[in-house]
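Q: Please give me a close look at one part of this protein, and explain how it is put together and what lies around it.

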Amino acid sequence: MVKQLFKILLIEDDVTLFQEIKDRLTGWSYDVYGITDFSQVFTEFTAVKPDLVIIDIQLPKFDGFHWCRMIRAHSTVPILFLSSRDHPTDMVMSMQLGADDFIQKPFHFDVLIVKIQAILRRIHQYNTSESIDLKTWCGATVDYQKNTVTNEIGSIELTKNEMFILRVLIEHKNKIVSREELMKSLWDDERFVSDNTLTVNVNRLRKKLDEIHIGHFIETKVGQGYIAVEEDHSL
């Protein structure tokens, strides 16, 4: 059980389901908040300052994709979609917008807890890690604490998942990291994650790195995994 009292913003308009989830999460020592005005979701998100957002796709006023896009434009807080929609494009869309995970309703509560615990553990591994927070890679400064990558061209901000992937690859630079290794490191148990989810996250990471012209240093090794190559100057 997570010892620290984390704040979770549960964006769910089904009152009965909201209360059921809130009661169960409260029993696991999470501090759960809801939405009072679904036209002001971002305002309430800003007021709560949650450690994790759980959001449905089908909501009054605007859908979950809209609010995910708005939240992600201002914050790297982990976002977990919880939806009855089962089309593969819904999961792909959520990941492309910067969500960290997707659970389809109906769901087993134990799976939800595992997902939440894994996400929150990743966050606090950054805060409790004894390793340095800054790393130089391919001429860029990678700040693990601030989730930024900066070089002379500019600076980009990554989500927690994107930075976690980049960190694993950098720590194994010039060595191939298999997809299975990444999934185990990222989600603790690959049974809860699809190959497509990892692909979307890596592609999104590479696209952001392209903005400062270093995306090509993350290479895909077909049938093997991914590798972060290093320029001639070493770390």
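A: Within the part chosen here, serine 83 stands opposite glutamine 104 in S5. The strand that carries serine 83 is S4 (residues 79–83), which is joined to S5 by four bridges, the two strands running parallel; strands are paired when DSSP finds at least two bridges between them. Helices (H or I, at least four residues) and strands (E, at least two) are DSSP runs, numbered from the N terminus. This is a predicted model, in which local features need pLDDT of at least 70 and side-chain atom pairs count only at pLDDT 80 or more, while totals for chains, interfaces and linings use all residues. Residues are numbered from 1 along each chain as its sequence is written, and side-chain values use heavy atoms, with hydrogens and water left out.

S4 and S5 belong to an open sheet of five strands, which follow one another in the order S2-S1-S3-S4-S5 with parallel pairing. Strand S2 (31–33) and strand S5 (101–104) form the edges; each has a single partner strand, so one side of each has no neighbour in the sheet. On average, and with direction ignored, neighbouring strands of this sheet are turned by 20° against each other.

Helices lie against this sheet. Helix H2 (residues 41–48) lies across strand S1 (7–11), S2 and strand S3 (52–55), and runs at about 170° to S1, where axes are lines fitted to C-alpha atoms (for helices over the stretch in contact) and angles run from 0 to 180 degrees between N-to-C directions. Helix H4 (residues 88–96) also packs on the sheet, where it touches S4 and S5, and its direction makes about 155° with that of S5.

Helix H3 (residues 64–74) has Gly64, Phe65, Trp67, Cys68, Ile71 and Arg72 as its buried residues, buried meaning under 20% relative accessible area, exposed over 50% and partly exposed in between (1.4 Å probe, protein chains only). Looking down the axis of H3, one finds these buried residues within an arc of 160°, so they line one face of the helix; the arc is that of the directions from the helix axis to the C-beta atoms. As a rule, an α-helix has 3.6 residues a turn, so residues three or four places apart point the same way. On the other side of H3, Ala73 and His74 are exposed. The cover over the buried residues of H3 includes H2, S3, S4 and H4, a contact being heavy atoms within 4.5 Å.

For the wider setting, the protein has eight helices and eleven strands, and 51% of its 235 residues are buried. Among its contacts with a separation of 6 or more, 62% are between residues 24 or more positions apart.

A further open sheet has four strands in the order S6-S7-S8-S9, and its pairing is antiparallel. Its edges are strand S6 (134–137) and strand S9 (155–157), each with a single partner strand, so one side of each is left without a neighbour in the sheet. From one strand to the next, the twist averages 20°. Strand S7 (residues 140–143) and strand S8 (residues 148–150) pair in the antiparallel sense over three bridges, and valine 142 has valine 149 in S8 as its bridge partner. Helix H6 lies across S6, S7 and S8, and runs at about 120° to S7.
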